[in-house]
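Got your viewer open? Load the model, and let's take a walk through it, one selection at a time.

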Amino acid sequence: MSFSPADHAFMARALQLAERGLHTTTPNPRVGCVLVRDGAIIGAGWHVRAGEPHAEINALRDATAKVGAGGTAGSTAYVTLEPCSHHGRTPPCADALNAAGVTRVVAAMQDPNPLVAGQGLARLAAAGAAVECGLLEAEARELNIGFVSRMTRGRPWLRLKLAASLDGKAALANGVSQWITGPEARRHAHGWRARSCALLTGSGTVRADNPRLNVRDIDTPRQPLRVVVASRLDIPPDAAILAGGNCLIACAEANEARATLLRARGAEIVVLPNADGRVDLAALLLELGRRGCNEVLAEAGPCLAGALLLARLVDELLLYQAPLMLGDAARGMADLGALTELAGATRLNILERRPVGADFFIRTRFAH
């Protein structure tokens with residue numbers, strides 16, 4: 001399928017609009033839409049948050065305000081995700097585009113949601129619209145990589161954030177790790193927190209660092225769910241992470257005395273044991289998927305980080321590397337066990353690397 005330079009420009013604008021919902025749309029996808037007639041944009045919109053109008057509806061309302069009722073007849077809609085065809089919290093966007101007289105619809109990608117999955121485009125085509133799909137699909141998929149993961153795998157896209165010295169150490173031998181990286185790197189990391197639906201850590205980190213694990217350096221209207229892996233519920237009831245509720249604790253056995261104290265602080269507890277008497281991490285991700293989590297950011301110590309990596313549950317690695325040398329006695333980033341040959345090394349593909357303040361940021365994905 002061939003798209004013109006103008007098509008690319010209009011879809012790029014729709015993607016810019018979609019990104020405005022980066023921190024707000026969960027559990028819905030981030031979607032942008034522009035309406036074009038006679039080579040000019042007559043309406044634009046994006047999806048802001050779940051339960052509110054979708055991008056197409058906001059674009060149609062914007063166009064009506066600018067060119068009047070009926071002004072959208074004969075226009076082209078550029079939308080970053082296939083218009084929906086089902087009644088959810090809002091009516092089908094495909095029907096709204098048809099009713100507005102839109103005669104061409106260009107979608108960046110098909111909706112992976114089984115409730116849509118091509119039906120929206122089919123409904124538009126059946127009404128006589130020229131339908132095209134696949135323009136800037138890779139960019140659209142990246143923007144909604146968590147939503148795609150949840151729709152196709154049943155679990156969120158998991159990023160693991162690590163901070164280390166140049167020699168790969170995450171903490172001193174006594175456990176002190178605050179702060180290896182500088183303020184710019186920590187602020188940058190909060191951007192990844194803000195776009196995530198949930199933040200994941202372990203009970204060891206809670207006991208050692210007492211983190212709040214919330215978004216502080218980014219302006220956001222919502223806070224992600226805080227999730228703690230605590231096989232024995234060994235979390236102090238006065239832990240900062242429990243403040244204000246919005247905390248899910250995954251354990252392997254329900255110690256009712258401890259559970260009662262934690263529930264009194266507003267925590268929710270799920271019991272997800274594996275055969276080894278620890279938390280089943282794969283089951284936890286499926287549970288988060290059922291709760292509508294698209295993207296999860298893990299900020300954990302070497303034990304949980306290693307367990308996630310060894311279970312091949314990590315999709316993306318975010319590494320902040322500081323210009324420090326901490327020495328052989330310091331603690332590593334992840335407990336991965338010993339290798340006897342290089343062929344067993346974990347291979348990664350680097351997607352991004354750049355300085356952030358005095359530190360260096362490296363974003364990678366696993367070759368597998």
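Start by selecting T24 and V48: a polar atom of the T24 side chain sits 2.4 Å from the backbone oxygen of V48. Keep in mind as you go that this is a predicted model.

Where along the chain are you? T24 belongs to the loop between α1 (5–18) and β1 (32–37). Is T24 buried or exposed? It is buried, because its relative accessible area is 15%, and the cut-off for buried is under 20%. Now show what surrounds it: beyond its neighbours within four places in sequence, T24 is in contact with V48, R49, P221 and R222.

**Next stop: a sheet**

Select β1 through β5. These 5 strands make an open sheet with mixed pairing, and the order across it is β2-β1-β3-β4-β5. At the edges you'll find β2 and β5 (130–133), each pairing on one side only. On average, neighbouring strands here are turned by 15° against each other, ignoring direction.

Zoom in on β4 (residues 104–107) and β5: they run parallel, joined by 4 bridges. One spot to click is R104, which stands opposite A130 in β5. Then add helix α4 (residues 119–126), lying across β4 and β5 and running at about 155° to β5.

**A helix on the sheet**

Now pick α2 (residues 55–67). It has 13 residues and spans 18 Å from first C-alpha to last, close to the 18 Å expected at 1.5 Å a residue. This helix packs on the sheet, touching β1, β2 and β3, and its direction makes about 140° with that of β2.

Colour A55, E56, I57, A59, L60 and A63: these α2 residues are buried. What covers them? The cover includes β1, β2 (40–46), β3 (76–79) and α3 (93–99). Just past the end of α2, click G68, which takes a positive phi of about 85°.

**Last stop: β9 and its partners**

Select β9 (residues 225–229). How many of its 5 residues are buried? The count is 5 of 5. Both faces are covered, with L225, V227 and V229 on one side and R226 and V228 on the other.

Add β8 (residues 198–202), which pairs with β9 in the parallel sense over 5 bridges; look for G202 opposite V229. Bring in helix α8 (residues 203–209) as well, and you have a right-handed β-α-β unit made of β8, α8 and β9.

Finally, show β10 (residues 247–251). This strand runs parallel to β9, and 4 bridges join the two. To finish, find R226 standing opposite C247 in β10.

Notes. Residues are numbered from 1 along each chain as its sequence is written. This is a predicted model: local features need pLDDT of at least 70, side-chain atom pairs count only at pLDDT 80 or more; totals for chains, interfaces and linings use all residues. Side-chain values use heavy atoms; hydrogens and water are left out. Buried means under 20% relative accessible area, exposed over 50%, partly exposed in between (1.4 Å probe, protein chains only). Two strands pair if DSSP finds at least two bridges between them. A crossover is right-handed if, with the strands pointing away from the viewer, the path from the first strand over the helix to the second runs clockwise. A polar contact is a pair of N or O atoms within 3.5 Å; within protein, one must be able to donate a hydrogen and the other to accept it, and residues adjacent in sequence count only if both atoms are side-chain atoms. Contact means heavy atoms within 4.5 Å. The expected span of a helix is 1.5 Å times one less than its number of residues. Axes are lines fitted to C-alpha atoms, for helices over the stretch in contact, and angles run from 0 to 180 degrees between N-to-C directions.
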